[in-house]
Structure formats: C-alpha cells, structure tokens
Amino acid sequence: MVYPFYIVDVFAVEKYTGNQLAVFSDAREMTASQMQDFAKEINFSETTFINPEPDRDQAYKVRIFTPNQELPFAGHPTLGTAFIIREFLQAKTAENQAITLSLNVGKIPVRCEVSAEDDPIFWMLQNQPEFGERVSAETVASVLNITPEEINPNLPIQEVSTGIYFLVVPINSLETLKKIKVNLEAYYQLIASLQAKSILVFCPETYSEENDLCVRVFADYLGIPEDPATGSANGCLAAYLVSNQSFLNQKGNLTVKVEQGYEINRPSRLFLKANPSQIEIGGKVKLIAQGSFLNS
C-alpha cells in the first residue's frame with residue numbers, strides 16, 4: 001500500500017521557516033497504530049491524516065498526531081491541512097469561503113484570505129475560551145530557570161484553552177525570554193496538577209520591528225521540547241489578552257502580529273484577531289515537498 005503525503009511550512013515568513021507539517025491526503029485505509037508509526041517516523045511536532053471524502057456538511061475528518069500521541073486539536077496542523085485540502089482535494093475556494101475540518105474537538109472552519117500581491121493568509125476560527133487555574137510566579141520561575149521578578153506582575157499566569165490547555169506566562173523582556181531553559185523535573189511536577197501540559201511564554205519586545213509580541217512554547221510532555229509556531233497556543237494567548245484587556249486597540253479588539261521560533265532557527269509569524277466573542281489565528285503556508293510512504 002502506498003500512502004501519499006505532503007510537507008508544508010505553516011506560519012511561514014518564507015520557505016523553510018515556520019512550523020513543519022506532514023499531511024497524509026488519504027488515510028481511509030489507515031489504522032490509528034499506523035498513523036502513530038508514521039508520525040513517529042517523520043518526527044515533526046505534528047502530522048495529520050485526512051479522510052478525503054467530506055461528510056454531508058462538506059467537513060473533512062482529520063486526525064492529528066505528535067510523535068508520542070494523538071491530539072484533539074492543534075493550530076498549525078489545522079491551517080496546513082486546510083491548505084492541502086484547498087490545493088489538492090477540492091476546487092480552490094473563493095476568498096473567505098470556509099474549508100471545514102472535523103477534528104476531535106468538533107468542526108473547525110478555516111477561511112482563505114486571498115491577496116493579489118502576496119500569499120494567501122489562512123484564518124482559523126478558535127473555540128470559545130475556557131480559563132483554568134492560576135499559578136504563582138515563584139513556581140513558574142523555577143520551571144523556566146528565571147527569577148520571579150522577570151515575570152510581569154501585572155498579568156496572571158493562567159491556564160487557558162481554546163481546544164487544548166496551555167499555561168500562559170507573561171515575561172518582562174526579550175532578554176529574559178531568550179535565556180529560558182526548562183527545568184524538566186520542575187516542569188513535570190508542575191503539570192502533574194494542571195490541565196495544561198504545555199507552556200507559552202510571551203513578551204512585548206520582539207526580534208523584528210514588524211511584530212508586536214514574541215512567544216516561545218515548551219511541550220516536552222508531547223515530545224516537543226520547543227515548538228516553532230503554535231496556533232492553538234496563540235489562540236489561548238489571544239483569549240488571555242482580551243480577557244485581561246491587554247494590547248487591545250481603541251475599539252477594544254486585539255489585532256497583533258506574533259513572532260515565534262527564533263530561538264530554534266525557525267522564525268514564524270502568526271496573525272491574531274480577537275474580541276470577546278470571536279478569536280481567529282492566521283498565517284501563511286508554503287508547500288515544500290511531496291512523496292509517499294510504503295506500508296508492506
């Protein structure tokens with residue numbers, strides 16, 4: 001049996017940046033065990049598997065795997081998979097016409113914002129946020145190998161989910177953000193009592209003047225020591241910022257550009273739009289390669 005797949009860069013600034021994703025375009029004959037084996041072999045942060053036959057609502061069933069386990073939802077796999085569906089499985093959608101993915105958290109629409117001058121931006125509508133526990137600066141500082149004073153005291157350290165929980169941590173400076181090194185023993189002690197198994201840290205200083213915020217995401221629990229671009233985590237960040245009335249414009253809306261992945265040489269750019277009733281995460285997708293897996 002031959003299984004075709006594609007490799008794309010999601011939330012890319014240009015080719016060979018952003019977050020790598022492998023997408024299998026026909027998983028109808030695959031077992032969950034095969035999907036997990038393929039994801040482990042590719043060893044990207046996530047790999048997706050599409051049923052190319054949409055349901056009666058024209059939604060495509062998609063499963064997402066890390067090298068270690070299946071996920072109910074993740075951001076860059078959702079956008080990258082929508083790109084492959086649009087390019088290879090259906091006629092190209094008109095601007096703002098949604099491609100719907102049926103994930104384990106429910107149906108997620110992705111719209112394509114077409115530009116005559118630049119690559120399309122794919123926008124993913126997030127689920128409504130849920131807010132979990134708050135954690136002390138002293139506890140998180142020991143996990144990140146920084147001091148409590150290097151964490152912004154004016155914002156909470158809190159669990160947030162728009163599909164999957166992340167612990168959101170506000171950092172004062174880019175200098176601090178750059179030097180973070182996760183203490184794995186303290187990390188596993190922390191997440192044992194939390195719904196969030198991954199940590200997003202952010203600060204208002206950036207590498208590029210084009211961007212508004214700099215982010216890092218740590219997810220050793222999922223087999224991802226550091227992720228170069230994380231749509232699900234940034235969806236949580238958008239909800240967190242709106243909830244705390246931070247970085248909002250004069251109309252009370254959030255419209256920011258986020259950079260991620262610079263510390264691991266995969267610079268990425270994510271677009272965040274949010275208000276109290278809706279959260280969208282956007283990014284560009286670059287097609288890199290295609291091939292086949294053999295299963296004999």
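Okay, let's start with one residue, Ser-208, which sits in the loop between β12 (199-203) and β13 (213-219). Before I go on, keep in mind that this is a predicted model.

So, is Ser-208 buried or exposed? Its relative accessible area is 16%, and buried means under 20%, so Ser-208 counts as buried. Who does Ser-208 touch, if we skip residues up to four places away in sequence? The answer is Glu-259, Tyr-262 and Arg-269.

Now scroll back towards the start of the chain, to strand β2, residues 19-24. This strand is mostly covered, with 5 of its 6 residues buried. On one hand, β2 pairs with strand β1, residues 2-10, in the antiparallel sense, over 6 bridges. If you want a pair to click on, take Phe-5, whose bridge partner in β2 is Phe-24.

On the other hand, β2 is also joined to strand β3, residues 47-50, by 3 bridges, and those two run parallel. Here you can look for Ala-22, which stands opposite Thr-47 in β3. And how does the chain get from β2 to β3? It goes through helix α1, residues 32-42, and this β-α-β crossover is right-handed.

Stay in that region, please, for Glu-46. You'll find Glu-46 in the loop between α1 and β3. The UniProt record, an unreviewed entry, puts its "active site" annotation on Glu-46. That's what the record says, and such annotations may be inferred rather than shown by experiment.

What about the surroundings of Glu-46? Its relative accessible area is 6%, so Glu-46 is buried. Leaving aside neighbours within four places in sequence, Glu-46 has contacts that include Gln-20, Leu-21 and Ala-22. You've just met Ala-22 as the residue opposite Thr-47. Other contacts of Glu-46 include Ile-64, Phe-65, Thr-66, His-76 and Ile-224.

Last stop, the largest pocket. Its volume is about 160 Å³. There are 13 residues lining this pocket, and the closest to its centre are Asn-43, Phe-44, Ser-45, Ile-224 and Pro-228. Ile-224 should ring a bell, as it is one of the residues in contact with Glu-46.

Which strand gives the largest share of the lining of this pocket? That's β14, with 4 residues. Our old friend β2 turns up here as well: β2 and β14 (224-227) each supply at least two residues of the lining.

That's my tour, thanks for listening!

How values were computed
Residues numbered from 1 in each chain as written. Predicted model: local features only at pLDDT ≥ 70, side-chain atom pairs only at ≥ 80, totals over all residues. Heavy atoms only, no water. Buried < 20%, exposed > 50% of the residue type's maximum accessible area, 1.4 Å probe, protein only. Contact = heavy atoms within 4.5 Å. Pairing = 2+ DSSP bridges. Right-handed = clockwise from strand over helix to strand, strands pointing away. 1 Å grid on protein atoms, 1.4 Å probe; cavity = no way out; pocket = protein on both sides within 12 Å on 5 of 7 lines; lining within 4 Å. Points joined across faces, edges and corners; volume = space filled by probe spheres on them.
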